[in-house]
Amino acid sequence: MHLTHLECPRCGLDHPADKLQNLCGCGSPLLARYDLAAVAATTTPEQFGLRPADLWRYRELLPVADPRFVTTLGEGWTPLWHAPAYGHEIGVDELIVKDEGLTPTGSFKARGAAVGVSRARELGVERIAMPTNGNAGAAWATYAARAGMGATIAMPLAAPTICRQECLAAGADLRLIDGLINDAGREIAALVAASGGRVFDAGTLREPYRLEGKKTMGYEIVEQLGWQVPDVIIYPTGGGVGLIGIHKALHELRELGWVEDRLPRLVAVQSTGCAPIVRAFAAGESRATPWADAHTVAFGITVPAPLGDELILDALRESSGTAIAVDDAEILADLRDFAAREGLLLCPEGAACLTAARHLRAGGWIRPGERVVVLNTGAGIKYPDLV
């Protein structure tokens, strides 16, 4: 393992990686840092193709030292699908979908859960707790069960029913909350505080290793494109860990010398019913203010006050990217249109990325001939009521 330390991106303070960490004292999430020179000296991109088709193929760039603690259900290495019919219709001839619906538990959240649970297990955690909009809780409950750990999950009543059932099936202590994810967060904060250190807070960006699992989407996109980067990557953004992770992966790849200096422009997609990042980006602000009365059919991106707001906004600006809000009626129309044209049923958050691509191409932000990757972050079949 080449993990060296944890770094605070806000105040610059370094933290040891060999003991459990939550936020920095200044309140910022922490980022895992590696000896990339050592990785480059001992590893070549060609080696990954000889390894199993899961995210652990990138083990030199992941935080688990002892393979005995790796907790896996085969997550990662999801396909890139070309979408020529829909792409031609919206004027993006190289439209590519990375389909995270094929991961265990049916969403990209399995990546973060696999790496986060594995590292927590290695550091001695016996019970994790977290608030969730649904899919993350289902994933962490499942991987905790696989690792022999306990899990307490707090979830809004309005979350998809299947996610609730997945938590119960995995034996989790499920707390249903009449409110939004920030209300669930308060429930978990009280639980963790009262536990005397017996329960570890694994909420979004409150520990550093979920992000490391999510960043493997960035590695895979580049490897699957023959170690080339696309022009644009479009991501549905609630807590924003996937977007932050992809941005981190791209910078690591560039530092390793495995991709050229030019990196993709990143796009954060939100719903007009909950768009704190879009509002902050448009105003040129470095922090987002909480969104009042948040609601959208794309429930996974209903995050009124994301903890990683600074990191999301930095990733967008550093990559010359943008943030865009789309409305629910268009999300549902594009979900239906894409399924009819391409035969792939997206989750509503994934469909929001299509709507964003359509608008950005119509406005000229996406230029003719550019290669655009959109992330379908979960299986559409988990949302039967929308269909």
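The radius of gyration used here is taken over C-alpha atoms, and the globule rule is 2.2 Å times the number of residues to the power 0.38. All views come from a predicted model.

**Figure 1. Overview of the whole chain in the predicted model.** For 387 residues a compact globule would have a radius of gyration near 21 Å, and the value of 19 Å for the chain agrees with this. The C-alpha trace spans about 55 × 50 × 40 Å along its principal axes. Secondary structure in the chain comes to 14 helices and 13 strands. Of the contacts between residues at least 6 apart in sequence, 71% join residues at least 24 apart. Buried residues account for 60% of the 387 residues. The chain exposes about 14,500 Å², and carbon and sulfur atoms supply 52% of that area. The chain carries 36 positive and 46 negative charges, and the mean positions of the two sets are 3 Å apart.

**Figure 2. Close-up of Lys-98 in strand β5.** Strand β5 covers residues 94–99. Lys-98 has a relative accessibility of 0% and therefore counts as buried, the cut-off being under 20%. The side chains of Lys-98 and Gln-224 are joined by a polar contact of 3.0 Å. Gln-224 is also one of the residues that Lys-98 touches beyond four places in sequence. Others in that set include Thr-78, Pro-79 and Leu-80, along with Arg-111. Met-217, Glu-220 and Ile-221 also touch Lys-98, as do Val-373, Val-374, Leu-375 and Asn-376.

**Figure 3. Close-up of Gln-270 in strand β11.** Strand β11 runs over residues 265–271. Gln-270 counts as buried because its relative accessibility is 0%. The side chain of Gln-270 reaches the backbone nitrogen of Ile-277 at 2.9 Å. Beyond four places in sequence, Gln-270 touches a set of residues that includes Ala-275, Pro-276, Ile-277 and Val-278. Thr-237 and Ile-301 also touch Gln-270, as do Ile-324, Ala-325 and Val-326.

**Figure 4. Close-up of Cys-347 in the loop between α13 and α14.** Helix α13 covers residues 328–342 and helix α14 covers 348–362. The relative accessible area of Cys-347 is 0%, so Cys-347 is buried. Leaving out residues up to four places away in sequence, Cys-347 touches Leu-335, Asn-376, Thr-377, Gly-378, Ala-379, Gly-380 and Tyr-383. Asn-376 is also among the residues touched by Lys-98. The C-alpha atoms of Cys-347 and Glu-212 are separated by 23 Å, with the two positions 135 residues apart along the chain.

**Figure 5. Close-up of Trp-77 and Thr-105, two loop residues with positive phi.** Trp-77 is not a glycine, yet its phi is about 55 degrees. Trp-77 is placed in the loop between α2 (45–48) and β4 (80–82). With a relative accessible area of 27%, Trp-77 is partly exposed. Thr-105, likewise a residue other than glycine, has a positive phi near 65 degrees. Thr-105 is found in the loop between β5 and α4, the latter covering residues 109–122. The relative accessible area of Thr-105 is 15%, so Thr-105 is buried, since buried means under 20%.

**Figure 6. Close-up of Glu-318 in helix α12.** Helix α12 comprises residues 309–318. Glu-318 counts as exposed, with 52% relative accessibility, because the cut-off for exposed is over 50%. Apart from neighbours within four places in sequence, Glu-318 is in contact with His-247 and His-251. A polar contact of 3.2 Å links the side chain of Glu-318 to the side chain of His-247. Glu-318 and Leu-55 are 263 residues apart along the chain, and their C-alpha atoms are separated by 26 Å.

**Figure 7. Close-up of Arg-59 in the loop between α2 and β4.** Trp-77 is also placed in the loop between α2 and β4. Arg-59 has a relative accessibility of 46% and so counts as partly exposed. The C-alpha atoms of Arg-59 and His-2 are separated by 9.2 Å, although the two residues are 57 apart along the chain.

Note on methods
Residues numbered from 1 in each chain as written. Predicted model: local features only at pLDDT ≥ 70, side-chain atom pairs only at ≥ 80, totals over all residues. Heavy atoms only, no water. Helix = DSSP H or I, 4+ residues; strand = E, 2+ residues; numbered from the N terminus. Buried < 20%, exposed > 50% of the residue type's maximum accessible area, 1.4 Å probe, protein only. Contact = heavy atoms within 4.5 Å. Areas by Shrake-Rupley, 256 points an atom, 1.4 Å probe, with all protein chains shown as cover. Lys, Arg positive; Asp, Glu negative; His and termini not counted. Charge placed at Lys NZ, Arg CZ, Asp CG, Glu CD. Polar contact = N/O pair within 3.5 Å; in protein donor to acceptor, adjacent residues only side chain to side chain.
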